[in-house]
Amino acid sequence: MTNYPVNMDITPDVKAFFDEATWTISYVVKDPETKKCAVVDSVMDIDYAAGRITYDSADEIIKYIEDEGLELEWLIETHVHADHLSAAPYIQKKLGGKIGIGEHIKTVQDVFGKVFNEGTEFQRDGSQFDKLFQDGDEYMVGNMKCFAMHTPGHTPACMVHTMGNASFVGDTLFMPDGGSARADFPGGDAGILFDSIQKVLELPVDMRLFMCHDYGPNGRDIQWETTVGDEKTHNIHVGEGKTKEEFVKFRTERDAQLAMPRLIIPSLQVNMRAGEVPTDKDGNPMLKVPVNGL
Ligand SMILES: [Fe+2]
């Protein structure tokens with residue numbers, strides 16, 4: 001394991017925003033010493049049937065940042081989401097900050113550039129983003145040193161971002177009673193996901209873990225925060241005693257039964273462009289539907 005610069009003495013303020021339409025949790029993370037903050041995994045609203053995009057969720061985050069008098073430094077994408085659209089560019093236009101994602105976005109762009117038959121004008125070098133993180137990369141939010149950890153498996157570009165004693169796990173893990181995310185998207189791999197989860201579980205047991213999604217399994221209320229210790233003991237897919245072989249078998253069988261996420265087609269087209277909606281040859285915002293392409 002790379003020697004990641006963990007610092008459990010810093011406790012950032014974490015404000016969560018739950019999006020009921022996509023079961024996504026977005027976060028504003030504030031450095032305890034300054035007014036600087038980061039946004040993790042924002043949501044842009046879409047009525048896909050109507051082809052209508054709106055910004056209520058993003059506006060709520062913007063209002064919070066403005067009301068608290070914060071300064072936005074980073075817009076972090078834990079990965080290319082397949083179930084919701086990122087609002088990072090919309091928020092960036094209002095508040096500034098740099099949009100960052102894992103460097104393996106290039107692989108994701110290559111795969112889905114083909115699926116959506118994008119022309120040569122669609123760059124597959126990650127240049128739509130301000131920062132491409134490599135494993136172990138460090139960055140600052142105010143005085144708080146943060147780092148990114150490459151955690152592929154769900155997708156090739158997945159990263160877990162740690163800010164003080166708070167880690168934003170994306171879709172590497174769900175709450176202990178939710179287990180783990182699917183690993184069957186192009187470039188996904190259940191065995192690699194298991195290994196990535198082990199990297200997360202090697203963080204200090206008191207590390208706070210913040211989920212990207214929660215679906216309230218068995219009718220419980222929505223939750224998004226747990227700890228490494230809790231996941232190690234209680235996670236139903238990877239907790240105490242679960243082997244890699246068991247995980248891969250279970251995950252593969254489960255994934256074969258899962259339907260495609262409702263918003264995968266618009267999400268990928270937008271999110272692989274750092275949250276920008278593609279345009280047609282006349283410059284109008286336009287989405288494609290590849291028939292039998294996924
Ligand atoms: Fe995801």
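Two strands pair if DSSP finds at least two bridges between them. Helices (H or I, at least four residues) and strands (E, at least two) are DSSP runs, numbered from the N terminus.

This is a predicted model, in which local features need pLDDT of at least 70, side-chain atom pairs count only at pLDDT 80 or more, and totals for chains, interfaces and linings use all residues. Residues are numbered from 1 along each chain as its sequence is written.

**Stop 1: β11 and its partners**

Select strand β11, residues 159–163. A residue counts as buried if 20 or more other C-beta atoms lie within 10 Å of its own, as exposed if 12 or fewer do, and as partly exposed in between, with C-beta atoms placed from the backbone. Five of the five residues of β11 are buried, so the strand is largely enclosed by the rest of the structure. Met 159, His 161 and Met 163 point one way, while Val 160 and Thr 162 point the other way.

Add strand β10, residues 144–150, which pairs with β11 in the antiparallel sense over five bridges. To find one of these, show Ala 148, whose bridge partner in β11 is His 161.

Then add strand β12, residues 166–168, which runs antiparallel to β11 and is joined to it by three bridges. Here Met 163 has Ala 166 as its bridge partner in β12. Two residues lie between the strands of this hairpin, and Gly 164 takes a positive phi near 60°.

**Stop 2: helix α1**

Move to α1, residues 56–67. Its twelve residues should span 16 Å at 1.5 Å a residue (the expected span is 1.5 Å times one less than the number of residues). The end C-alpha atoms are 16 Å apart, which agrees.

Which residues of α1 are buried? Select Ser 57, Ala 58, Ile 61, Ile 62 and Ile 65. Seen down the helix axis, they fall within an arc of 135° (taken from the directions from the axis to the C-beta atoms), so they line one face of the helix. An α-helix has 3.6 residues a turn, so residues three or four places apart point the same way.

On the other side of α1, Asp 56, Lys 63, Glu 66 and Asp 67 are exposed. The buried residues pack against β1 (13–19), β2 (24–30), β3, β4 (45–47), β6 and α2; contact requires C-beta atoms, placed from the backbone, within 7 Å. Just after α1, Gly 69 has a positive phi of about 70°.

**Stop 3: helix α2**

Finish at α2, residues 88–95, where Ala 88, Pro 89, Tyr 90 and Ile 91 are buried. Their cover includes β3 (36–40), α1, β6 (71–76) and β7 (98–102). Gly 96 follows α2 and has a positive phi, near 80°.

Methods:
Contact = placed C-beta atoms within 7 Å.
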